[in-house]
Amino acid sequence: MVHDLIQRLKTEYSDELFEQLYRLYADRAIRTAAAVTGSSASAADVVQETFIRVYRNLGSYDLSRPFEPWFNRILYNECNRYLKKHAKMVPSEISEERDLPSESDTYEFDRHGEVYELVQRLDDPHRIPVILKYLNDVAEKDIADMMELNVNTVKSRLFKARKKLKEWMLQNRGGNQHGT
């Protein structure tokens, strides 16, 4: 289905076909971008840029390859651009709004509660693979391709992230790693 849609988009572009593509991938892309950026308001911008890049580069997309990893790579790059851009920004003044929690930051993750908050505490090299694998069900090989890493590096980062998350969860519950 996706392959046929992409093929039609490449040969006979129409807004209607692109909207079908958007509907297939937008929700998941917003969840991913919200988890990576920490804000669904930012996620909307990231996803918008992602679809603009998909539109611009659809002509160079290789139909013999699966679409989803290609799309996820573009999304990942846009998330990175966002994180780099905002890491360099220095607030000129402290505003009251800055300290208020965003209502949109809880997008679809309320049910994950504590785990989601702990995942957000991880550094980017560990947080992003966790988000991609466990919130979006992306295969480790695809994560490695997206992040331009070796698969074993992704596995190692996932292992370290799970270990850290376990430590934090045990600390939050008043125990330690050995269950005492």
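These exercises work through helix packing and empty space around α4 in a predicted model.

**Exercise 1. How do α3 and α4 pack, and which residues meet?**

Solution.
- Step 1: Take the geometry. Helix α3 spans residues 40-57. Its axis lies 9 Å from that of α4, at an angle of about 130°.
- Step 2: Classify the angle. Angles of 65 to 115 degrees count as roughly perpendicular and those over 145 as roughly antiparallel. The pair α3 and α4 is therefore oblique.
- Step 3: Assign the hand. The crossing of α3 past α4 is right-handed.
- Step 4: List the contacts. From α3 come Ser-42, Val-46, Val-47, Glu-49, Thr-50, Phe-51, Arg-53, Val-54 and Asn-57. They meet Phe-67, Trp-70, Phe-71, Ile-74, Leu-75, Glu-78, Cys-79, Arg-81 and Tyr-82 of α4.
- Step 5: Sort by class. This contact of α3 with α4 holds 11 nonpolar, 3 polar and 4 charged residues.

**Exercise 2. At what angle do α4 and α8 cross, and what is the make-up of their contact?**

Solution.
- Step 1: Take the geometry. The axes of α4 and α8 cross at roughly 45° and come within 9 Å.
- Step 2: Classify the angle. Under 35 degrees would count as roughly parallel. So α4 is oblique to α8.
- Step 3: Assign the hand. α4 and α8 make a right-handed crossing.
- Step 4: List the contacts. α4 brings Pro-69, Asn-72, Arg-73 and Tyr-76. α8 brings Asp-142, Asp-145, Met-146 and Met-147.
- Step 5: Sort by class. The contact of α4 with α8 has 4 nonpolar, 1 polar and 3 charged residues.

**Exercise 3. What lines the second largest pocket, and which helix gives the most?**

Solution.
- Step 1: Take the volume. The second largest pocket has about 270 Å³.
- Step 2: Read the lining. It includes Ser-60, Tyr-61, Asp-62, Arg-65 and Pro-66. Pro-69, Trp-70 and Arg-73 are also among the lining residues, as are Lys-141, Asp-142, Asp-145 and Met-146.
- Step 3: Map to helices. α4 (67-87) and α8 (140-147) each supply at least two lining residues. α8 gives the most, with 4 residues.
- Step 4: Sort by class. The pocket lining has 5 nonpolar, 1 polar and 6 charged residues.
- Step 5: Link back to Exercise 2. Pro-69 and Arg-73 line this pocket and also take part in the contact of α4 with α8.

**Exercise 4. How many cavities of 30 Å³ or more does a search of the whole structure find, and what lines them?**

Solution.
- Step 1: Count. The search finds 2 cavities.
- Step 2: Take the largest cavity. Its volume is about 70 Å³.
- Step 3: Read its lining. Tyr-25, Arg-28, Ala-29, Thr-32, Glu-68, Phe-71, Asn-72, Leu-75, Leu-132, Asn-136 and Val-138 surround the largest cavity. α2 (15-37) and α4 each supply at least two of them. By class, they are 6 nonpolar, 3 polar and 2 charged.
- Step 4: Take the second largest cavity. It holds about 40 Å³ of space.
- Step 5: Read its lining. Thr-32, Val-36, Asn-72, Leu-75, Tyr-76, Cys-79, Ile-128, Leu-132 and Met-146 line the second largest cavity. α2, α4 and α7 (124-135) each supply at least two. α4 provides the largest share, 4 residues.
- Step 6: Sort by class. The second largest cavity is lined by 7 nonpolar, 2 polar and no charged residues.
- Step 7: Compare the lists. Thr-32, Asn-72, Leu-75 and Leu-132 appear in the linings of both cavities.

Terms used:
Residues numbered from 1 in each chain as written. Predicted model: local features only at pLDDT ≥ 70, side-chain atom pairs only at ≥ 80, totals over all residues. Heavy atoms only, no water. 1 Å grid on protein atoms, 1.4 Å probe; cavity = no way out; pocket = protein on both sides within 12 Å on 5 of 7 lines; lining within 4 Å. Points joined across faces, edges and corners; volume = space filled by probe spheres on them. Nonpolar A, V, L, I, M, F, W, Y, C, P; charged D, E, K, R; others polar. Axes fitted to C-alpha atoms, helices over the stretch in contact; angles between N-to-C directions. Left-handed = near helix turned anticlockwise from the far one by under 90°. Contact = heavy atoms within 4.5 Å.
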